[in-house]
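This report describes one chain, starting with model confidence and moving on to the sheet and the helices around it.

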Amino acid sequence: MQGLVASTRPLAAQPRNVESTHGRRRQHASLCVRSRISVPALSPRQSKRADVAVSGLNNSGTGGSGSTAPAPRDNLRLALPSKGRMAEDTLALLKDCQLNVVKPNPRQYVAEILQMPNVEVWFQRATDVVRKLTYGDVDIGFVGHDMVAEIGDGNEELLIIHDQLGYGKCHLALGVPATGKFSAVNTVDDLKNMGWSAEKPLRVVTGYHNIARKYFERIGMPASHVELLSADGALEAAPAMGCADIILDLVSTGVTLRENNLKELEGGKIMSSEGVLVVNKTSLLNRPGMLELVHELIERLEAHLVAQGYYSVIANMSGDGAEDVAKRLIDAGLGGLSGPTVSAVYPGGQPGGLFAAVICVPKKELYDAVKKLRKLGGTGVLVQPMTYIFDEEPARWTKLTAELGIESKSKDFA
């Protein structure tokens, strides 16, 4: 069975982007690396074996998927992105969760978390975070969902345990020239009906070959009608240079596309992506201390991320008693998370029928809630940000243990 026409060449035969002695790249050819080579689609097992054989990165001896036990070591390993906005946002989130990553030497790739003395932190490129999770060289890591989908490519060793960390939000999409022969192309169907063939395939430059291959197969484009090309950055320039027809890349605001005379297609959004927390399944189930670590990370993350959506609102209210005030609040739709907290206020040290009501309000509903409180006679309304909301058991932890067949309350994680 034929896969998509891929743009690959043997590594030794590629003269492009050669590093000079001064660290500068010398461009020897066009932006896109191309070769019309038909690559047969590999089975999942063959693909995983090829990944391990080519990488040579499996220093821990886990061998990727299929391992029955992790390689022995005395600590747990957490991988973090080493560069860019994703790295900055990951460190900021951990700090907000009271987890301080300490890196004594900025030139080193290893660090520690003071609150987790048994955890060794490794800074890696996003692609290597996924690869080393797959091989078991690290046990858990923060990375973009797009990298998990592309590099992991369905590997069963990778288990996403938190899929909405709230940063790095973007999406993978097709970028098509806004002028020329594509000027009237506004939908994916328009693109498909442009008469592509094995002799004249649609040339797509992208860094996401696995995702692209599956996407074009899903929308019904014959494999021989699509040629996937590779480029080292600046994909938006490829159509203008004539070495590709369209691009498939990450889009955040769309400004870069528009500034390079490209447009998104209706129906051309391939997948959404943001920061996720991924664990090696074998490590989770077999490495001592991993369940406790995962539980703590999920609980810290959930407590902070949920709290980000709420304000704590306090108002003074008069009433015949705490129950009367609580009932009026609930009837007005101001019950908070589990019900209002109402306590007596003692002006001048004496009871006087005045009560302080505390409720949690979604941020988007704050002003409406303040207006309702005023209609109920509320005064001195105070609004405070919330830092953490700890539930009895995080929903994601409960879901994880159910999927793995682990009794969520069988161990004391306190």
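The text below covers confidence, strand order and helix packing.

The model is predicted. The chain has an average pLDDT of 85, and 82% of the residues score at least 70. The pLDDT is below 50 over two stretches, residues 7-30 and residues 35-66. Beyond near neighbours in sequence, the model gives 35 contacts for residues 7-30 and 58 contacts for residues 35-66. Where pLDDT is low, predicted coordinates should not be read in detail.

An open sheet is formed by seven strands in the order β7-β8-β9-β6-β10-β17-β11, with mixed pairing. The edges are held by β7 (101-102) and β11 (158-162); each has a single partner strand, so one side of each lacks a neighbour in the sheet. Within the sheet, β6 (residues 76-81) pairs with β10 (residues 140-144) in the parallel sense over two bridges. Ala79 stands opposite Gly141 in β10.

Two helices lie across strands of this sheet, as tabulated here.

| Helix | Strands crossed | Angle |
|---|---|---|
| α2 (residues 84-96) | β6, β7, β9, β10, β17 | about 130° to β6 |
| α4 | β10, β11, β17 | about 105° to β10 |

Helix α4 (residues 145-152) also meets helix α3 (residues 126-135): their axes come within 9 Å and cross at roughly 55°. That angle makes α3 oblique to α4. The crossing of α3 past α4 is right-handed. On α3 the contact is made by Ala126, Thr127, Val130 and Arg131, and on α4 by Met147, Val148, Ile151 and Gly152. By class, the contact of α3 with α4 comprises five nonpolar, two polar and one charged residues.

Conventions: Residues numbered from 1 in each chain as written. Predicted model: local features only at pLDDT ≥ 70, side-chain atom pairs only at ≥ 80, totals over all residues. Heavy atoms only, no water. Axes fitted to C-alpha atoms, helices over the stretch in contact; angles between N-to-C directions. Helix = DSSP H or I, 4+ residues; strand = E, 2+ residues; numbered from the N terminus. Parallel < 35°, antiparallel > 145°, perpendicular 65-115°, else oblique. Left-handed = near helix turned anticlockwise from the far one by under 90°. Contact = heavy atoms within 4.5 Å. Nonpolar A, V, L, I, M, F, W, Y, C, P; charged D, E, K, R; others polar. pLDDT = per-residue confidence, 0-100. Pairing = 2+ DSSP bridges.
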